Amino acid sequence: MSTIATEGFHTAVPVIHRVPLARITKVELRKMLDTRSGFWLLASIAITALLATGAVILWAPNAELTYSTFVSAIGFPMAVLLPLVAILSVTSEWSQRSGLTTFTLIPHRHRIITAKLISSVIVGVVSVLLAFAIGALGNLLNAALTSAPLVWDVSQTDFWYFLLGSVLGLLIGFMLGILIRASSGAIAAYFVYSFLLPTIFLVLANNQTWFKDLQPWVDVTYAQGFLFTFDGALTGEQWANIAVTGVIWLVLPLAVGLGFVTRAEVK
Amino acid sequence: MITVEGVTRKYGHFTAVDDVSFTAREGRVTGFLGPNGAGKSTTMRVMVGLTRATAGAVTISGRHYVDLPNPGLEVGVLLDASAQHAGRTGREILTIAQQFMGLPPRRVEEMLDTVSLTPTEASRRVRNYSLGMRQRLGIATALIGDPEVLILDEPANGLDPAGIRWMRDLLRSYADRGGTVLLSSHLLHEIEVIADDIVMIGNGRIVSQGTKTELLHATGTVVRAADLHALQRALNKLGITGTLSQDGALRTDADPTLVGKVALEAGVALTELRTADAGLEDMFLELTATTQREGALA
């Protein structure tokens, strides 16, 4: 057991600088990968992308074997997994209680939250790029294997829409993590958000005519779905749908959650 | 130096910490002693900004904790050794602290060595750690930035006797270098052997504070004599009162030297004369008798 140095502290260091946000973000990115669960969650994004590509080549009808089919197939599991990445990045500080150290080393909670937001978005953007890359490889491979023509039916606009949609989905997970601050609760809430509510809205829209016109203004999953259609530019009304549902289901609860997070006791 | 000024923390109608003020000075180990649920941990969380004080404030070398630009380099904190992501390895947890603080990577291995975690242990995930190993890792996290102030909540919990001895030496050497050490414990013996100053808390209020020497000598003298009643009369003439205990000794608040002189002048032969250093245990039980859960023990 060695002892610590006998003379003085690093008071020789004249100025201690504030921890830069870039460094906090780097550490938060590292924390998303340094546990088995975190690593496999991110790895599963790549794995499901490969599986989805294989499935498209094997089973999709020839007429639909285009680039957009590949990207859509890859994007579906990714849209489920990315919000989970964002949720766990936030909730593990409470569920695993590591926040006791994190919020002591960086005593400004909004800085940690900002770093987690940035690192989650980085993961989202990288995953989307990966989806397009794997989709492109799948498209090329398919053309080489079969005699089917090579169709690149994804415009730049489609790409940006897809990216925006993926990041918005991830932000919903992030918001639920902030609002609920417990892994199991936040994940349960996420499934209510992205599967139960859309189903209820769908049933409602099919059976109640008054709701059919209202749905795009209420159903966030429906509105954000416009971003994944690979069907050219959105109309102004569609943008308004995305904005209104985004405020109701994302911005408002996020604001409430941020209020709790900055005030709540960390135990 | 840690200055706690009038800190109060209320949860609804329950007051967990009630107007607590004390100072932990440089070059000294300050023991924060109290039974479970006395408010030690809440006070410590208030110090580092994890819990908001309802009233009062804590400053560390004159500054609020949240105003420290890189707190890990100035204040080493261990609040709960078990509060770590169970899926991270010990080395990874230290690496995260090292990176947050912007320290050179070699500090991680240095600290593992300091707290005697072997490379194999450091590569294991914390879920497989014993409480003692978690404490060592927590102490390493607190020490890695070489801070001048240490705030440690129950750091001896779960350590084996050799580990407790090691930690005592470590904290002693830290204080001897001029550092400020504040550690809490509900174990009297720990505080008694390690601390220079003692702050005792019960039911959220400070019940006693001072140097260990002061607190120990505050208990007075125990004396036995051939003719105890003659001695008691002689003491009473000088206005010194004492109480006779059942085992035939006289207890008084006066200094042993004075009691000895009085006995000499009165011509009473003494059979025993000593400082009534009942130890902190009696005092602890006495002072917290009204607040602790096992009230009958006192």
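## A walk through chains B and A

Start by selecting residues 270-275 of chain B, which form strand β13. This strand is hardly covered: of its six residues, the number that count as buried is zero. Keep in mind as you look around that this is a predicted model.

Now add residues 221-225 of chain B, strand β10. β10(B) and β13(B) pair up in the antiparallel sense, with five bridges between them. To see how they line up, click on Thr221(B): the residue standing opposite is Thr275(B), in β13(B).

Next stop: a sheet in the same chain. Look for three strands in the order β2-β1-β4 of chain B, an open sheet with antiparallel pairing. Select residues 14-24 for β2 and 55-60 for β4 in chain B; these two stand at the edges, and each has a single partner strand, so one side of each has no neighbour in the sheet. From one strand to the next, the twist averages 20°.

Zoom in on β1(B), residues 2-11. β1(B) and β2(B) are joined by seven bridges, again antiparallel. Pick Val7(B) and you'll find Val20(B) of β2(B) opposite. While you're there, remember that side chains in a regular strand alternate between the two faces of the sheet.

Then select residues 40-47 of chain B, helix α1. This helix lies across β1, β2 and β4 of chain B, and runs at about 115° to β1(B).

Finally, hop over to chain A. What will you find there, in helices and strands? Chain A has 11 helices and zero strands. Its C-alpha trace spans about 75 × 50 × 30 Å along the principal axes, and 39% of its 267 residues count as buried.

Key. Residues numbered from 1 in each chain as written. Chains lettered and ligands numbered in written order. Predicted model: local features only at pLDDT ≥ 70, side-chain atom pairs only at ≥ 80, totals over all residues. Buried ≥ 20, exposed ≤ 12 C-beta atoms within 10 Å, placed from the backbone. Helix = DSSP H or I, 4+ residues; strand = E, 2+ residues; numbered from the N terminus. Pairing = 2+ DSSP bridges. Axes fitted to C-alpha atoms, helices over the stretch in contact; angles between N-to-C directions. Contact = placed C-beta atoms within 7 Å.
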